[in-house]
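Reader: I am new to this. Can you show me the protein, and then explain the terms as we go?

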Amino acid sequence: MLQTGLAKLRRTALPLTMAAVILAGTCVALSPTTASAASSASHVLASGAPTNGVWPGVGKICEKGPGGSSSVRGVGPKTIHIAVFNDADSTIMPGLEVEFVQQAKAFAAWCNASGGINGRHIVIDDRDAALFNAAQVTEQSCQSDFMAVGGGMALDQAAVPVREKCGLGQITGYTVSDASDAATLQVNPSGINTKSVSAGWFGALAKKYPAAVKKASMGGEDNASILEPETKYEFAAEAQGWKVVDFQEPSISVTVWAPYVEEAQSKGAQALWPADTDNPAPYFQAMSTAGYKPAFVALGVQFYNSMTTKAVAANSGLPPVYVETGWWPLELASQNPSTEQLVQTMHTYAKGDAIDFDDEEGAEAWLLWAKSASACGAQLTVSCVLSHAAAEKNWSAGGIQAPVAQLSMSNQNPQPSPCFALLKAGPDKFTYDKAVTQPTQSIWNCNPKNVVQMTPQQLAQLASL
């Protein structure tokens, strides 16, 4: 996928919505409603959650079994302890990544209802770094957890040596820093590596707005874990026709965006990839106050939530606002059985929790882990799980994420998916923009040229951040 770890300092969750689909035109409207997805699968009960351990497009991944004694850390006769990293107790951004824990608990409940992993039930250990304690919570996990699955920490660089030293294997929800992207004992379901970036939406927008992208403003908050991926995006954008005239590095705790908006405006930027990675409302308000209307605004997938559509509704004079994604739109869950099952599982086992793309991001990791762990049988080890995970071809978590041709260990030059889609944010809804996306496979644009390789000079610059 795109650089999934990019600056996940974000947001409240997108309320679960289902959509009316306009198939005849170039767009698919993603309109909020309160209706839940209807399933055509005969094995789905009225509650919405299947009970046979089978996940569409992935297979039978949870079932009864003998369990058995084990000398492996975190593995008991009838249990497997799994860490889920997050930053929910952050005082700067309360609730950051809480969706990872919610989704993990729901998946574990679904899987355990079918017998768990070969008879061992999954036990979720909430490892909350509160943004600045990544190393400390990783140390805690090293004492009692089998692996870490489906989580992430925004400032993850400090956790890497701790995790590697204690042999804590990981199948990630997301990674942020280059150190985490390329760490050992890890498989990233999105195939991220440190020497390339998948960012085809910059090229798609360059085709739509060829003049505007010649004066672009980009940026990232001033922390190495964030600036590394954001600088890669700057390189990728320029490789696909953008000219960056303004690259901003605001403080990680900035709340007043007027000076940054005014800077972009003063430099004549017409294509905007804001340095903001949280709630867009203050940024959009600053744009409206300044009377700043570039040709368009492009946002990372972390902005695929209700805060963005509400911010667009509150600032009627904004230019077109696009959000890139490598996950199947939740509003179209009924068109993808794997996404639909995720929605049903959350409805059944996480009632009241909102659902957003973080749940998809977590689910892709959990599905990969469960499939791999089940294949290991009773002799469950970290090396066995990671070996099976790294061997997966055409991985898409059954369609939840854009497909990755071949997974591999994170330190063995994995290749990201080139696929993306662009959504257009409007007042209270998102719209799939088929005309700008120019899909080549299902809803995705999967042109191999969407993956940009970093030059030696660029890699040297990244290393100096």
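Author: Start with one term. A salt bridge is a side-chain nitrogen of Lys or Arg within 4 Å of a carboxyl oxygen of Asp or Glu. The model here is predicted. A search of the whole structure finds six salt bridges.

Reader: What makes Asp-125 and Arg-127 a salt bridge?

Author: Their closest N and O atoms are 3.8 Å apart. The cut-off is within 4 Å, so the pair qualifies.

Reader: How do you know whether Asp-125 and Arg-127 are buried or exposed?

Author: Buried means under 20% relative accessible area. Asp-125 has 15%, so Asp-125 is buried. Arg-127 has 12%, so Arg-127 is buried as well.

Reader: What about Glu-263 and Lys-267: why is that pair called a salt bridge?

Author: The N to O distance is 3.8 Å, and the limit is 4 Å, so the name fits.

Reader: And why are Glu-263 and Lys-267 called partly exposed?

Author: Partly exposed lies between the buried limit of 20% and the exposed limit of 50%. Glu-263 has 28%, so Glu-263 belongs there. Lys-267 has 39%, so Lys-267 belongs there too.

Reader: Which parts of the chain does the salt bridge of Glu-392 and Lys-371 link?

Author: The closest N and O atoms of this pair are 3.1 Å apart. Glu-392 sits in the loop between α12 (382-390) and β15 (393-395). Lys-371 is in helix α11 (residues 357-375). The two are 21 residues apart, and the pair links distant parts of the chain. Glu-392 has a relative accessible area of 13%, so Glu-392 is buried. Lys-371 has 29%, so Lys-371 is partly exposed.

Reader: What joins Asp-125, Arg-127 and Asp-145 into one network?

Author: Salt bridges that share partners do.

Reader: On to the inside. What makes a set of residues a nonpolar core?

Author: The members are buried residues of certain kinds, such as Ile, Phe and Trp, joined through side-chain atoms within 4.5 Å. The largest core in this protein has 98 residues. Among those that touch the most other members are Phe-107, Ile-122, Trp-366 and Trp-369. Helix α11 gives the most to this core, with nine residues.

Reader: Which residues is Ile-122 in contact with, beyond its sequence neighbours?

Author: Leaving aside neighbours within four places, the contacts of Ile-122 include Ile-80, Ile-82, Phe-107, Trp-366 and Trp-369. Another core, of 29 residues, lies apart from the largest one. Phe-202 and Tyr-233 are among its members.

Reader: How do you know that both faces of strand β13 are covered?

Author: Look at residues 296-299. Phe-296 and Ala-298 are on one side, Val-297 and Leu-299 on the other. Residues on both sides are buried, so both faces count as covered.

Reader: Why is β13 said to pair with β12 and with β14?

Author: Pairing needs at least two bridges. Strand β12 (residues 271-272) and β13 have two, so they pair, in the parallel sense. β13 and strand β14 (residues 321-325) have three, so they pair too, also in the parallel sense. Ala-271 stands opposite Phe-296. Val-297 has Val-321 as its bridge partner in β14.

Reader: Which helices lie on the way between these strands?

Author: From β12 the chain crosses through helix α8 (residues 281-290) to β13, and this β-α-β crossover is right-handed. β13, helix α9 (residues 306-314) and β14 make a right-handed β-α-β unit.

Terms used. Residues are numbered from 1 along each chain as its sequence is written. This is a predicted model: local features need pLDDT of at least 70, side-chain atom pairs count only at pLDDT 80 or more; totals for chains, interfaces and linings use all residues. Side-chain values use heavy atoms; hydrogens and water are left out. Buried means under 20% relative accessible area, exposed over 50%, partly exposed in between (1.4 Å probe, protein chains only). Helices (H or I, at least four residues) and strands (E, at least two) are DSSP runs, numbered from the N terminus. Contact means heavy atoms within 4.5 Å. A crossover is right-handed if, with the strands pointing away from the viewer, the path from the first strand over the helix to the second runs clockwise.
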